[in-house]
Structures are given as C-alpha cells and as structure tokens.
Amino acid sequence: MSAAVPVGDSNFKTEVLDSELPVLVDFWAPWCGPCRMVAPVVDEIAQQYSGKLKVVKVNTDENPQVASQYGIRSIPTLMVFKSGSKVDMVVGAVPKTTLATTLEKHIDIK
Amino acid sequence: MRRPTPKSLEALRKFAQTDAKRTDTVFCADTGVTAAVIVGLAIHKDELGAPLCPCRHYEDKRAEVAAAYWNCPCVPMRERKACHCLLFLPPEHPFAGTGREIAEEEITQLLE
C-alpha cells in the first residue's frame, strides 16, 4: 500500500537528501493536467520498488523554495536523488516503462 | 482549495474548444487532464488577469504574466503547436483523443 508521500520545503533535506535509499521525487501542481496522469504511475512505482526506493511528491505551489532550488520549470518533473544529489530527471507525462528504465539505472534491483 | 469564478471557467472552456478547432488539434484521451488544465487556466485568469500555463513553476507569476510567453496559448503552442500541458494535442500524439469539446459538467465535477 505504499504511495508517494508528500514532502515540502521544511522536510526535503531529512526526507530526500538524507535518505539512505534512492528517492524518486514527483514535482507536481494542483491544476497541472499531465501531473494527474503521472501520479498513479508514480504510486505504482512506489509499490513495485518498495524497500528499494523511496517515493515522495512535492506540491510546487506550496513549496516554492525547493522547486526553485532544483530549477523546476515544466511540471510534472520527476527527479531521482541518491546520497543527497540529483542523479536523473524525467520531464512531462511518461509511460511507466520509461520511468522504470530510468530508475533501474540507479537502484539495486536484485 | 482554490476555485475559479464561473465566468472565467466558461470563458476558458470556450477558448479551449475554439482554439482546438482553429489549430487542428484535439483534446487528451483522458478528458480529466483537459478539465484540470482549464480549471488551472481559469484560476490564473482570476488571480493574475491572464491564463498563465498551470503546468510550469514560476519564480514570480506576475512577472511571467507581464512577459506573456506562458500565457495560453503560449509561444511554443503558437509557433509549433507544442502544448506540454496536454490541452492541445496533434491527432497523432500518443495521448491524443478524438474530441474538441468538453462539457461544463465534466469540469465542475473536478471541483466537487
């Protein structure tokens, strides 16, 4: 029953940058249409890689600081963080396979 | 939850339908996407005076409205029919539907 957990300006460091597991961050906004297509895909990914990947979401309207810090422009933007650094990024609504291919470069899938 | 005025919502719904016809584009196969974008545009119209794209993050929304680049229809849409918000899609786009019309009820149901 894992789904993407909301994080924001106040806890981005502890939840994402300090995470021991790699983290997928879904930057979204409330009335962004393609964000609605990506959200269920991100939730499925959270389930599929449970224990190997942490999955969180950031509402960019409510958390402008972290959105600006990572240069978010087009949304949805999905970013992968590992040991506190951004290691990959996917922009726009993508099929689950595309996202899985990107993620498998960065996580231990044994 | 922020809500658009009925007046802006209707104006943007009509604009979307007219512009899809005019540009030979279609709405997304998932009209929930279309409805959400129309709501987002209408909220920006109410709050900022222009239908700024709801699928971007901005440092300063008022400055962006003044710059006009991302006011719908944005420059990429006008120049090459590129709408990353998936409101207007070329018929061959993988997410394209077939329609260019959306009922008021389909949009208002998102706000309930």
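**Exercise 1.** Which residue in S3(A) is the bridge partner of Asp26(A)?

*Solution.* Keep in mind that this is a predicted model.
Step 1: Find the two strands. S2(A) covers residues 23–28, and S3(A) covers residues 54–59 of chain A.
Step 2: See how they pair. The two strands run parallel, with 6 bridges joining them.
Step 3: Pick out the partner. Asp26(A) is bridged to Lys57(A) in S3(A).
Step 4: Add the helix. Together with helix H2 of chain A (residues 33–48), S2(A) and S3(A) form a right-handed β-α-β unit.

**Exercise 2.** Work out how S2(A) pairs with S4(A), and how well S2(A) is covered.

*Solution.*
Step 1: Look at residues 77–82 of chain A, which make up strand S4. This strand runs antiparallel to S2(A), and 5 bridges join the pair.
Step 2: Take one example: Leu24(A) has Val80(A) as its bridge partner in S4(A).
Step 3: Check the cover. Buried means under 20% relative accessible area, and 5 of the 6 residues of S2(A) are buried.

**Exercise 3.** Describe the lining of each of the 2 cavities of 30 Å³ or more.

*Solution.*
Step 1: Start with the largest cavity, whose volume is about 100 Å³. It is lined by 14 residues, and those closest to its centre are Cys53(B), Cys72(B), Cys74(B), Cys83(B) and Cys85(B).
Step 2: Sort this lining by class: 13 residues are nonpolar, 1 is polar and none is charged.
Step 3: Turn to the second largest cavity, with about 90 Å³ of space. Among its 13 lining residues, Asp61(A), Arg2(B), His44(B), Pro54(B) and Lys61(B) lie nearest its centre.
Step 4: Sort again: this lining has 7 nonpolar, 2 polar and 4 charged residues.

Technical notes. Residues are numbered from 1 along each chain as its sequence is written. Chains are lettered from A and ligands numbered from 1 in the order in which they are written. This is a predicted model: local features need pLDDT of at least 70, side-chain atom pairs count only at pLDDT 80 or more; totals for chains, interfaces and linings use all residues. Side-chain values use heavy atoms; hydrogens and water are left out. On a 1 Å grid over the protein atoms alone, a cavity is a set of points where a 1.4 Å probe fits but cannot get out, and a pocket is an open set with protein on both sides within 12 Å along at least five of seven lines; lining residues have an atom within 4 Å of a point. Grid points are joined across faces, edges and corners, and a volume is the space filled by probe spheres set on the points. Ala, Val, Leu, Ile, Met, Phe, Trp, Tyr, Cys and Pro count as nonpolar, Asp, Glu, Lys and Arg as charged, and the others, Gly among them, as polar. Buried means under 20% relative accessible area, exposed over 50%, partly exposed in between (1.4 Å probe, protein chains only). Helices (H or I, at least four residues) and strands (E, at least two) are DSSP runs, numbered from the N terminus. Two strands pair if DSSP finds at least two bridges between them. A crossover is right-handed if, with the strands pointing away from the viewer, the path from the first strand over the helix to the second runs clockwise.
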